[in-house]
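Hi,

Here's the structure I said I'd pass along. Have a look at it first, and then read on for what turned up.

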Protein chains: 2
Amino acid sequence: MSEKSRPKFLSVLAGEKQSRPPVWFMRQAGRYLPEYRALRATAPNFIAFCLDPEKAAEATLQPMRRLPFDAAIVFADILLIPRAIGQEVWFEAGEGPKLGALPSIERMRDLAPAAGEALKNVGETLSRVRAALDPEKALIGFAGAPWTVATYMIEGGSSDRSGARTYAYEHPETLDALIDVLVEATVDYLAMQAASGAQVLKLFESWAEGLSEDLFERLVIRPHTAIVKGLRARGVTTPVIGFPRGAAALVDRYAVVTPVDAVALDTTAPAALGQRVQAAKPIQGALDPLLLRAGGPALDERVETLLAQWGEGPYIFNLGHGILPDTPIAHVERVLKRVTGKDPTPNFTPKMDY
Amino acid sequence: MSEKSRPKFLSVLAGEKQSRPPVWFMRQAGRYLPEYRALRATAPNFIAFCLDPEKAAEATLQPMRRLPFDAAIVFADILLIPRAIGQEVWFEAGEGPKLGALPSIERMRDLAPAAGEALKNVGETLSRVRAALDPEKALIGFAGAPWTVATYMIEGGSSDRSGARTYAYEHPETLDALIDVLVEATVDYLAMQAASGAQVLKLFESWAEGLSEDLFERLVIRPHTAIVKGLRARGVTTPVIGFPRGAAALVDRYAVVTPVDAVALDTTAPAALGQRVQAAKPIQGALDPLLLRAGGPALDERVETLLAQWGEGPYIFNLGHGILPDTPIAHVERVLKRVTGKDPTPNFTPKMDY
């Protein structure tokens with residue numbers, strides 16, 4: 001494909017030099033947009049919202065209509081996988097996710113091979129978005145990585161992960177079996193997403209932080225490797241971005257030994273770390289969402305620093321974590337203008353009557 | 001001094017090769033000991049407890065009586081400094097620390113040069129402990145590092161630090177002025193501790209995590225450097241251990257550019273990171289407190305790994321974070337036996353009638 005018709009985003013993942021880094025933001029479909037809040041208000045149940053292809057596709061497309069992002073990411077949640085393998089998941093307003101009792105390993109193992117089928121609505125969302133999306137924009141699918149998902153499954157919701165890490169020490173065989181089940185479910189889920197139109201897959205290891213080197217090897221490096229290999233064994237060639245958030249000093253090893261195609265960096269990544277990774281793979285990251293929200297001269301300076309330190313290598317501009325709900329849209333527009341040279345859609349009026 | 005009379009701990013900090021690493025644990029004076037709980041019950045006000053030389057000295061000495069630690073650390077709290085420079089600090093049961101309104105920079109600047117005098121009770125604690133402690137055991141003084149202390153001062157208590165980081169972006173001049181005040185207060189406080197018997201000083205940057213490289217430079221590297229230089233300018237030659245907890249990929253730079261004498265590593269430090277630091281400076285760390293609490297074969301294996309990977313260089317065995325209150329004493333005894341070859345004090349019966 002020529003650079004014109006192929007999304008810039010995919011060219012960077014293929015290692016081609018671009019005139020500027022492509023850009024998207026984690027949680028770009030989300031609460032900082034008034035039209036998202038209006039849409040979300042029509043569906044009190046968050047899981048049902050994620051599994052409603054019409055609404056999830058609409059949420060995915062909302063930021064693409066008004067802002068010059070180079071990629072859309074499917075609107076979904078990392079806790080759909082536990083649901084697909086038999087664990088109850090619900091959200092309570094203002095409290096975050098809640099999960100029911102952990103099913104037996106046998107029960108989850110039975111369900112894992114059909115995780116994609118159980119979550120086919122996410123595939124339907126992807127198909128709808130791909131059909132509506134500008135061909136020059138890429139479409140990203142994703143899943144929570146096994147350890148991160150396991151922390152919620154073990155602790156029954158959000159936590160400081162100390163219960164899950166203790167579980168890893170005290171019940172190593174059960175945890176390893178759970179990770180294996182999650183690897184299988186994740187491969188099936190991501191393969192379904194690729195078949196449904198996802199052109200890039202992202203593996204969110206949101207809670208890689210706090211792990212000692214041996215746990216990181218066992219809970220992050222090994223399962224990420226197994227997921228990418230599992231996808232390739234099924235003939236899925238879609239590039240995978242790995243995001244070991246909080247892995248900091250272990251990112252070097254992660255980048256070298258796992259077969260992910262690109263590495264997303266978090267807010268703390270030093271310039272030199274990104275440059276070392278870039279010698280082998282494209283990187284993505286790593287503007288502080290707190291700084292995007294704060295704005296001002298410090299934001300402008302940091303954007304220049306990121307472009308200067310990483311812009312010469314294969315680089316996808318992004319945040320180091322998800323965009324915060326109370327981020328002014330003007331700050332997002334300002335950063336996108338600097339990175340892409342493009343203004344927001346002129347005279348844009350968001351749809352609010354959902 | 002011969003190796004016999006000088007604490008093993010100090011010899012390692014001076015770069016001398018030892019037959020085994022010295023060992024102490026963060027929060028070794030604390031709630032996992034029944035005698036600590038008994039003593040603590042006599043003083044409902046935690047700050048008053050820290051500032052009572054008799055009680056604080058007793059808390060410091062308790063673990064030394066029953067366990068073969070190589071060093072004692074003065075019982076105190078990192079939030080004594082805000083108190084010394086005019087901010088109210090109190091603890092509410094089960095809720096952690098609370099801080100009153102942030103005083104004006106001018107007010108804090110007036111008080112900072114007398115921080116040591118304001119906290120002279122901590123010096124009295126150190127003198128009492130040094131007089132009672134076996135000469136072969138080292139005595140450690142400490143302070144919270146400026147950024148970590150500032151996060152509590154700005155947020156009014158414990159937090160996820162996002163408010164303080166936002167403050168760093170939105171009010172850079174005020175925050176930098178606060179950090180400067182804290183540097184001055186910390187130098188005075190630590191100099192007083194050294195004059196009172198502390199043979200090692202530790203700077204706890206408990207919240208180095210989550211900082212981007214530019215913030216880390218500004219909020220951690222620069223103030224730590226200023227504190228060590230400030231101590232040396234006052235003729236204080238006591239070795240300083242820096243603990244940038246969560247700095248992970250930035251530890252390499254921290255170890256090279258700051259003049260701290262040794263670097264404490266957290267739970268996530270990979271073997272190779274510690275070895276790189278050891279080429280320049282002694283290291284300390286980094287057993288996971290969750291693993292110490294969990295015990296079992298995973299604990300034994302990890303202790304062997306730590307000794308094998310770092311034991312050949314200058315190394316102080318420790319945890320990567322504080323010991324947890326519900327840690328079985330038997331697990332501590334087992335690790336200390338492995339590291340020191342020594343049993344706990346035979347037939348030890350803790351004093352419980354405080």
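Bear in mind that this is a predicted model. Let's start with how the two copies sit: a turn of 180 degrees with a shift of 0.0 Å along the axis lays chain B on chain A, with an RMSD of 0.0 Å. That is the relation of a two-fold axis. If you want a spot to centre your view on, try A249(B): within chain B, its C-alpha is the one nearest the axis, at 2.1 Å. Both copies use the same surface, with 100% of the contact residues of chain B recurring in chain A.

As for the interface itself, 29 residues of chain B are in contact with 29 residues of chain A. On the chain B side, the elements giving two or more residues are helix 10 (162–170), helix 12 (213–233), helix 14 (271–278), helix 15 (289–294) and helix 16 (297–310). Helix 10 of chain B has the largest share, with five residues. By character, that side of chain B splits into 15 nonpolar, eight polar and six charged residues.

Now the sheet. Chain A has an open one of seven strands, paired in parallel, in the order 1-4-5-6-7-8-9. Strand 1 (71–73) and strand 9 (315–319) of chain A are at the edges with a single partner strand each, so one side of each has no neighbour in the sheet. From one strand to the next, the twist averages 25 degrees.

At the strand 9 end, strand 8 (residues 283–287) of chain A runs parallel to strand 9 of chain A and is joined to it by five bridges. There you'll find G285(A) opposite F317(A) of strand 9.

Cheers

Definitions and conventions
Residues are numbered from 1 along each chain as its sequence is written. Chains are lettered from A and ligands numbered from 1 in the order in which they are written. This is a predicted model: local features need pLDDT of at least 70, side-chain atom pairs count only at pLDDT 80 or more; totals for chains, interfaces and linings use all residues. Two residues are in contact if their C-beta atoms, placed from the backbone, lie within 7 Å. Helices (H or I, at least four residues) and strands (E, at least two) are DSSP runs, numbered from the N terminus. Ala, Val, Leu, Ile, Met, Phe, Trp, Tyr, Cys and Pro count as nonpolar, Asp, Glu, Lys and Arg as charged, and the others, Gly among them, as polar. Two strands pair if DSSP finds at least two bridges between them. Axes are lines fitted to C-alpha atoms, for helices over the stretch in contact, and angles run from 0 to 180 degrees between N-to-C directions. Copies are superposed by least squares on the C-alpha atoms of residues with pLDDT of at least 70 in both.
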